[in-house]
Amino acid sequence: MIGKGSPASVVWLAGLLEGEGTFLAVGSNKRGYRPRLQLKMTDRDVVQHAASILRYKNKIYTGQPTNKDWKRWFLLAIEGDQAVLWMLRLLPLMGKRRRKQIMTAIRRYGVHRKFVLKGEVLTSDGGRREIT
């Protein structure tokens, strides 16, 4: 597979998450929201490779499906500031629907102001880009 951290690996990850990923804000109005980048699928090696690109190898959870005929699933979930940084890095590579999910998750985050400034987003490399 593609080496972790390379531009090609980020493009590979974006394609995987476009099809199999979830971008959301978890929590409540009372306690606040945290952005979450999530991948859940039955292919352990693919989830492990995504985790290595994200540098979250020890954050893979597994579970049994409710139907005995289904395969075991593997879940990778990143929350908080690290999720926001990855969302911003992946944002220009995502389709319209996923971009909307990402921006909704970031906007609901209680401390999103450190990433979003006057209609611009801070990118993971410290630059700024206009929100679309």
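This report describes the fold, helix packing and charged side chains of the protein shown above.

**Overall architecture**

The structure is a predicted model. It contains 4 helices and 7 strands, and these elements occur along the sequence in the order α-β-β-α-β-β-α-α-β-β-β. The protein comprises 132 residues, of which 40% are buried. Contacts between residues at least 6 apart in sequence were also classified by separation: 56% of them join residues at least 24 apart. The exposed surface of the protein amounts to about 8,000 Å², and carbon and sulfur atoms supply 50% of that area.

**Packing of helix 1 and helix 3**

Two packed helices are described by the angle between their axes and the distance between the axes. Here, helix 1 (residues 7-20) packs with helix 3 (residues 81-90) at an angle of about 100°, and their axes are 10 Å apart. Because angles of 65 to 115 degrees count as roughly perpendicular, helix 1 is roughly perpendicular to helix 3. On the side of helix 1, the contact is made by Val-10, Leu-13, Ala-14 and Leu-17. Helix 3 contributes Trp-86, Arg-89 and Leu-90.

Leu-13 also serves as a reference point for the position of His-49. The latter residue is found in helix 2 (residues 44-54) and is buried, with a relative accessible area of 11%. Although His-49 and Leu-13 are 36 residues apart along the chain, their C-alpha atoms are separated by 9.0 Å.

**Salt bridges**

Side chains of opposite charge can pair when their charged atoms come close. The count for this protein comes to 3 salt bridges, as listed below.

| Pair | N to O distance |
|---|---|
| Arg-34 and Glu-79 | 2.7 Å |
| Arg-36 and Glu-79 | 2.5 Å |
| Lys-68 and Asp-69 | 3.7 Å |

The pair of Arg-34 and Glu-79 links distant parts of the chain: Arg-34 lies in strand 2 (residues 32-41) and Glu-79 in strand 4 (residues 73-79), 45 residues apart. Glu-79 is partly exposed, with a relative accessible area of 30%, and Arg-34 is partly exposed as well, at 37%. The salt bridge between Glu-79 and Arg-36 likewise runs from strand 4 to strand 2, so this pair ties together parts that are 43 residues apart in sequence. Through shared partners, salt bridges join Arg-34, Arg-36 and Glu-79 into one network. As for the remaining pair in the table, both Asp-69 and Lys-68 are exposed.

**A buried arginine without a salt bridge**

Arg-98 lies in helix 4 (residues 96-108). This residue is buried yet has no salt bridge. The nearest side chain of opposite charge is that of Glu-18, at 4.3 Å. Since a salt bridge requires a side-chain nitrogen of Lys or Arg within 4 Å of a carboxyl oxygen of Asp or Glu, the pair of Arg-98 and Glu-18 is not counted as one.

Glu-18 nevertheless appears among the residues in contact with Arg-98 when neighbours within four places in sequence are left aside. The full set consists of Leu-17, Glu-18, Gly-19, Gly-21, Thr-22 and Phe-23. One of these residues, Leu-17, also takes part in the contact between helix 1 and helix 3.

How values were computed. Residues are numbered from 1 along each chain as its sequence is written. This is a predicted model: local features need pLDDT of at least 70, side-chain atom pairs count only at pLDDT 80 or more; totals for chains, interfaces and linings use all residues. Side-chain values use heavy atoms; hydrogens and water are left out. Helices (H or I, at least four residues) and strands (E, at least two) are DSSP runs, numbered from the N terminus. Buried means under 20% relative accessible area, exposed over 50%, partly exposed in between (1.4 Å probe, protein chains only). Lys and Arg count as positive and Asp and Glu as negative; His and the chain ends are not counted. Contact means heavy atoms within 4.5 Å. Accessible areas come from the Shrake-Rupley method with a 1.4 Å probe; for residues, only the protein chains shown count as cover. Axes are lines fitted to C-alpha atoms, for helices over the stretch in contact, and angles run from 0 to 180 degrees between N-to-C directions. Angles under 35 degrees count as roughly parallel, over 145 as roughly antiparallel, 65 to 115 as roughly perpendicular and the rest as oblique.
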